[in-house]
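Biologist: Please give me a close look at one part of this model, namely a single pair of packed helices, and then set that part in its wider context.

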Amino acid sequence: MASVSVIEAGRPVLGRRSLLRTWRGGLQGSEFAWALAFCIPYVAVFLAFVAYPIVYGLWLGHNPALYAELWQDPIFQMTVVNTIIYLAVGVNVKMFFALLLSGFFMRRGWWVKGLLMIYVLPWAVPALPTFISIHWMLNSQWGLLNNVLWDVFHIDGPGWLDTSRWMALGAVIVSYIWKNMPFWTVILLAGRMSIPQELYEAAEVDGATGLRRFAHISFPLLANLYLVCTLLSTIFTLGDFNTVTFVSGGGPALTTHVLATIGIRDAFDIARPDLGVAAVMTALPLMIPLVLILMRKLRTSEVQL
Amino acid sequence: MSAVLLDNRRSRHAAATGVKAKNYRLRRVWSEVGCLALAAVLIVWTLAPIYNMVMVALQSHNDVFTNDIWPRQPSLYSFWIVITEGYWYLEYFWHQFGNSLYIGVMTVFFTLFIASLVSFSVSRMRLRNGWLLTNAALLTYVIPASFLAIPLYRIMQGYGLGNNVWSIIAVEVTFATPYAIFIFQQYGRSIPIELDEAARVDGASPWQVYYKIYLPMMAPALVAVGTYALLLAWNEYLYQFLLLSDKRSMTVPVALAQFLNSDESPWNYMMATAIIYAIPPVVIYYLFRGRMTSGLTMGGVKG
């Protein structure tokens, strides 16, 4: 782990050698002015479009009465449960299969490479077209899935998206996994490829193969990467708007919303921006620890995404 | 390579006893069969929604509402309708396509410009307390963009940027720069600081060092991040949907989602639009995949 952490790289280094160097031992005069000027565009963007919205959002959602109102709303209660299921099942199943498949894609051979090219397609295609396609595919009357069930097995398929909350939520989770698994597989694949081959060869000599090889070499070396990926993916998924919006649309009867979509619905469909912000803010107890852990982990930059 | 090596070694061991060798060969056949089965499952799983998209786009409007599982009379008519803007949802299609492209290009430019300047200042010029900026970027990176949508929407209205593509460019740049800073700082470590110092001694101004030394050396990272920013801007939906409601300022994804508002959607036109919208990012993704993954993982995963 030879990498210098980003935070250390950012601090002025006051070593004996560096004092001799032009730019290291503190900037002077016009150089300092240049360095500040270089930061102005970023600082302006950050203040105008990140800091100000955060403060404004906190102010919009500061009224405790909003939270009482949310708490009594059965739709919001379902939304919270959905969000938890979506995160717990979606993220973990996806990461687990990504880990397994990254092992599969380590195999040699042209057809495995070709397969990988096909396999990353869901990630390469924008979210909207494919989610709309899945939405239509699951149509109870004319969708591809039920057509196949009928033509091949003579079964009348159910209305996947419009009869039951759990089926619709399941469809959302499966679509989410379909879309995002390739990306994390590729990341974990890169992690696996960076494991020195000598380790495996040494283990081979000692008689470790298959599962034991994975348990004693691959997993310990991938564990940190896997953890960071899971946390990062959790927080990205928490903010995922497109999957629910386009696969189930929050239906049937608003039972499959998640926090990211219910906030937008409250703010724009029923014109209650304060309520929408409050709905999003209820994610803070989960978000703050995640953000803190992630900032620590990413700052020391043992992994990079 | 190594897998083959290991297999050879394994077979040499196995050859010691005949029974073992037979077992080994059997296991190997089964593992090949298992891999092929897995590959088949993966292909069906991956391609099903994409096949559905293509199939519907090739069908006529009436054929969409049947139980067919392949296009009975495949035709490119829907694509023709989209290209000639021959349906009322599509009357500004090429204009909207241009909007998407314009937003993408501007996002790339400003992301690269802003992020490379701040990375240069923090990690090459060693601005005091520059780590605060790095942390601000990290914080932005881990906050879901959709959580800021409501306040940002109202702020954009306040700035007078409603229905203006520049509001979108601002948003996309905001959410693309943190990752860019992250990558630039990582990649910048591989460039010797002595280069900057030599140029300084020769009397170059900081701007000249940035422009003539730092940027050219950072080219691979710039390509990786540029591709990332372009795809981010092209694929993003939520902010474009909230901030652009006028048909002439809309982008393609917003126009695409509009189809869902009508009761009887012309699904074939919609899927044709979706495919045309998806082709540029897919092509760019595959063209720059190698550079992106090396950019994405460089320095990082190897620890």
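Modeller: The account below begins with conventions, turns to the helix pair, and then widens to the two chains.

This is a predicted model, in which local features need pLDDT of at least 70 and side-chain atom pairs count only at pLDDT 80 or more, while totals for chains, interfaces and linings use all residues. Residues are numbered from 1 along each chain as its sequence is written, and chains are lettered from A and ligands numbered from 1 in the order in which they are written.

The pair consists of helix H8 (residues 165-188) and helix H11 (residues 219-235) of chain B, whose axes lie 10 Å apart at an angle of about 160°. Helices here are DSSP runs of H or I with at least four residues, strands are E runs of at least two, and both are numbered from the N terminus. Axes are lines fitted to C-alpha atoms, for helices over the stretch in contact, and angles run from 0 to 180 degrees between N-to-C directions. H8(B) and H11(B) are therefore roughly antiparallel; angles over 145 degrees earn that description, those under 35 count as roughly parallel, 65 to 115 as roughly perpendicular, and the rest as oblique. The crossing of H8(B) past H11(B) is right-handed, meaning that the near helix is turned clockwise from the far one by less than a right angle, anticlockwise being left-handed.

From H8(B), the residues that meet the partner helix include Glu172(B), Ala176(B), Tyr179(B), Ala180(B) and Ile183(B). On the H11(B) side, Ala221(B), Ala224(B), Val225(B) and Tyr228(B) are among them. Two residues are in contact when their C-beta atoms, placed from the backbone, lie within 7 Å.

Ala180(B) links this pair to the interior: with Val118(B), it touches the most other members of the largest nonpolar core, which has 163 residues. Such a core is a set of buried Ala, Val, Leu, Ile, Met, Phe, Trp, Tyr and Cys residues joined through C-beta atoms within 7 Å. A residue is buried if 20 or more other C-beta atoms lie within 10 Å of its own, exposed if 12 or fewer, and partly exposed in between. Leaving aside neighbours within four places in sequence, Val118(B) contacts Phe38(A), Cys39(A) and Tyr42(A) as well as Leu133(B) and Ile181(B).

Chain B as a whole has 14 helices and zero strands, and 45% of its 303 residues are buried. Of its contacts with a separation of 6 or more, 77% join residues 24 or more positions apart. The loop between helix H5 (93-124) and helix H6 (130-142) of chain B holds Arg126(B), whose phi is near 55°, a positive value in a residue other than glycine. Arg126(B) is buried, with 22 other C-beta atoms within 10 Å.

Chain A has 16 helices and zero strands, and 42% of its 305 residues count as buried. All 11 of the 11 residues of helix H8 (residues 127-137) of chain A are buried, so that helix is largely enclosed by the rest of the structure. His154(A), just after H9(A), has a positive phi of about 55°; His154(A) is exposed, with 7 other C-beta atoms within 10 Å. Finally, Gly251(A) and Pro252(A) are joined by a cis peptide bond with omega of about -5°.
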